[in-house]
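Visitor: Could you show me around this protein, one piece at a time? I have some bench questions ready.

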Amino acid sequence: MTANAVEPFRVVFVCTGNICRSPMAEVVFRALADSAGVGDRVPSTSAGTGDWHVGERADERTIEALARRGYDGARHRARQFGRADFDRSDLVLALDRSHERILRGWAHSDADADKISLLMSFDAGAPTLDVPDPYYADEAMFDEVLGMIENASRALFRQLEPALRPAP
């Protein structure tokens with residue numbers, strides 16, 4: 001995982017409907033990159049494995065959980081992951097193992113499959129590799145999921161950041 005002086009390192013976060021977990025990850029990761037001054041070097045986006053919510057805003061509980069922690073998720077619009085996402089992404093981050101299985105099934109080459117990782121695999125202290133889906137849960141679960149995503153995103157960013165800094 002390296003970025004060079006010309007090409008940015010593109011990251012896409014993937015969950016089921018692209019209205020809860022993956023928008024959280026996209027927003028959190030973008031905030032980390034922007035805060036470090038490398039947002040243009042590591043653009044992030046998100047997508048869902050399903051098409052149920054294409055064009056919709058993030059779930060209101062997602063937007064509210066993000067806002068409680070100082071993030072803005074209001075501009076998000078859901079979309080479905082597609083073949084072109086493999087071509088235009090350097091790292092495809094699944095939010096749970098079911099998404100990982102689906103993405104591996106969609107990969108058309110070893111190069112595509114090699115781009116896929118679980119977001120939680122970057123957090124050495126995580127008790128699970130799966131970020132639970134808060135969709136059918138309460139506000140507290142959205143906050144808990146956001147905390148998991150923040151921890152894993154920070155760990156991911158710490159790993160990527162040295163490669164994102166311009167050479168002296």
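Here are the questions and answers.

Guide: This is a predicted model, in which local features need pLDDT of at least 70 and side-chain atom pairs count only at pLDDT 80 or more, while totals for chains, interfaces and linings use all residues. Residues are numbered from 1 along each chain as its sequence is written, and side-chain values use heavy atoms, with hydrogens and water left out.

Visitor: Is strand β1 mostly covered or uncovered?
Guide: Helices (H or I, at least four residues) and strands (E, at least two) are DSSP runs, numbered from the N terminus. Buried means under 20% relative accessible area, exposed over 50%, and partly exposed in between, with a 1.4 Å probe and protein chains only. In β1, residues 11–15, 5 of 5 residues are buried, making the strand mostly covered.

Visitor: Which residues of β1 point the other way from Val-11, Phe-13 and Cys-15?
Guide: In a regular strand the side chains alternate between the two faces of the sheet. Here Val-11, Phe-13 and Cys-15 point one way, and those pointing the other way are Val-12 and Val-14.

Visitor: What stands opposite Val-11 in β2?
Guide: Two strands pair if DSSP finds at least two bridges between them. β1 and β2 (residues 44–48) run parallel, joined by 5 bridges. Opposite Val-11 in β2 stands Ser-44.

Visitor: And which residue is the bridge partner of Val-11 in β3?
Guide: β3 covers residues 91–94 and runs parallel to β1, with 4 bridges joining them. The partner of Val-11 there is Leu-91.

Visitor: What is the reach of α1 from its first C-alpha to its last?
Guide: The expected span of a helix is 1.5 Å times one less than its number of residues. α1 (residues 21–35) belongs to a β-α-β unit with β1 and β2. With 15 residues, α1 is expected to span 21 Å, and its reach is close to that, at 21 Å.

Visitor: Which elements do the buried residues of α1 pack against?
Guide: Those buried residues include Met-24, Val-28 and Phe-29. Contact means heavy atoms within 4.5 Å. The partners are β1, β2, α2 (60–68), α4 (97–106) and α6 (139–164).

Visitor: Why is Cys-20 in no bond with the closest cysteine sulfur, in Cys-15?
Guide: A disulfide is a pair of cysteine sulfur atoms within 2.5 Å, and the structure holds 0 of them. Cys-15 is buried at a relative accessible area of 2%, and Cys-20 is buried too, at 3%. The bond is absent because the two sulfurs are too far apart, at 6.7 Å.

Note on methods
Right-handed = clockwise from strand over helix to strand, strands pointing away.
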